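Let's practise reading charged pairs in a protein model, one step at a time. Have the structure open beside you and work through each exercise before looking at its solution.

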Amino acid sequence: MRATPRHRFVHRFRANSDGPLHDLDADPISLLPVVYHGQPLTHVAADGTPLPSTNSEAAYVLWLVERLGVEPTQQILEIGSGSGWLLAVMAHLAGPEGAVTGIEIIPSLADQSRADLAELGRGNARVLTADATCEPISGAPFDRVIITAATWSLPAAFFDLVAEGGKLLVPLRLPRDEGCEVTLLRRESCGFRAEWSFPGFFVPLVGASQSAEIARVRIDEWTVQAGIDAEPSLSYPFWFASLAPSLPGTASPAFRRHLAMTEPGFTIFEPAAARPAAAKWLSDFGLLDGKAGSAAIMRAGRLIGYGAPTATRQLLESYRRWCDLGMPGPTAYKLQVIPTEATVSNETAALTEVRGDSTFIRSIDAHAGAWCNLLERTSS
Ligand SMILES: C[S@@+](CC[C@H](N)C(=O)[O-])C[C@H]1O[C@@H](n2cnc3c(N)ncnc32)[C@H](O)[C@@H]1O
């Protein structure tokens, strides 16, 4: 941090995304506390337009870089290098015998970052202005690659960016835009295998391969479109380890993750009336089976079905399986990412999901994160 001051890489910005507009070049001294307050800074263009780019919260990003394992002499790539600050940090860690390359799609940011890197004397850093999802990247394979934007699919060319045994750290978008799982992937001969993951939020990676934005569903609109009764066809208590029926139970986030990781029909249901942003994590979730005209929704202490009972049955079956596995938590899901063209059927996978050029194969290692293990430990 001391060798690579953050204030040398931010210019016009807002703290978080909604604070007042700051111009560090016009007011360098009084803005230092804002720059070092430990918050993401959103870049703003010269004409005042907000840019879809942030300088992420410094401590968090440095922790991720530590997980990535950046060391002297490595060849490193950052996709989405933005202000160039993180690139400068990694150039420092890679040392004079290592080198870092940044790819940034916004030309004004790429230009500014080149100037700031040169002024700080980081001669082992270069920045290319390009859309990384479709333009060729020279210098591959790299020992370490970090993508600092939320990614839906890994384009085919990304597999060859990482040397065998090398690592890729990437925020992978969860289905239905439930945020990201920031995942450390190790390059193996046939693709990537996840070594570690952690929840996080990043600006999205833009590009044609990233277009799979799946909208949340409003059940009142969906029933009209599907031509089924707007009234629930079933509704019964499903308290789900909750002490208060109006709140989701404590196990609910873990089961929600299980559905997201294993059921293609996993859906988040938008409430008819707008809710405050803080209630995002309390949104209703469940399964949707469009073909059968069936929906099953877990809503604060109840399981509610619309149309045919197919989705409800599927949800209960999934719930039983999750219980039998010992209620696995988020760390139990193991991920392999392989090029879609190389995909072979895998009988043991909990869910195989084709995302454009890359296929995500998830399996469950219940022992790694099951709630029953936690309970056993607590009771002993
Ligand atoms: C969170 S910012 C990275 C911040 C950076 N680490 C720093 O220190 O300032 C993510 C960046 O990814 C860039 N980006 C998004 N899609 C891209 C793409 N397809 N190719 C290259 N850059 C992209 C955005 O413009 C944005 O600047």
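**Exercise 1.** In this predicted model, find what joins the side chains of R362 and E181, and work out which parts of the chain the pair ties together.

*Solution.* Start with the contact: R362 and E181 form a salt bridge, with N and O 3.0 Å apart. Next, place each partner: R362 sits in strand β20 (residues 358-364), while E181 belongs to strand β10 (residues 180-188), so the pair links parts that are 181 residues apart in sequence. Finally, check the surroundings: both R362 and E181 are buried.

**Exercise 2.** Decide whether R193 and E188 are buried, partly exposed or exposed.

*Solution.* First, note that the side chains of R193 and E188 meet in a salt bridge, at 3.2 Å from N to O. Now recall the cut-offs: buried is under 20% relative accessible area, and exposed is over 50%. R193 has 39% relative accessibility, so it counts as partly exposed. E188 has 23%, so it is partly exposed too.

**Exercise 3.** Do the same for E353 and R355: buried or exposed?

*Solution.* Begin with the pair itself: E353 and R355 form a salt bridge whose closest N and O atoms are 3.1 Å apart. E353 has 15% relative accessibility and therefore counts as buried. R355, at 1%, is buried as well.

**Exercise 4.** Which residues are joined with R218 into one network by salt bridges that share partners?

*Solution.* Look for shared partners: they join R218 with D220 and E221. To finish, set this beside the total: the structure holds 10 salt bridges.

Key. Residues are numbered from 1 along each chain as its sequence is written. This is a predicted model: local features need pLDDT of at least 70, side-chain atom pairs count only at pLDDT 80 or more; totals for chains, interfaces and linings use all residues. Side-chain values use heavy atoms; hydrogens and water are left out. A salt bridge is a side-chain nitrogen of Lys or Arg within 4 Å of a carboxyl oxygen of Asp or Glu. Helices (H or I, at least four residues) and strands (E, at least two) are DSSP runs, numbered from the N terminus. Buried means under 20% relative accessible area, exposed over 50%, partly exposed in between (1.4 Å probe, protein chains only).
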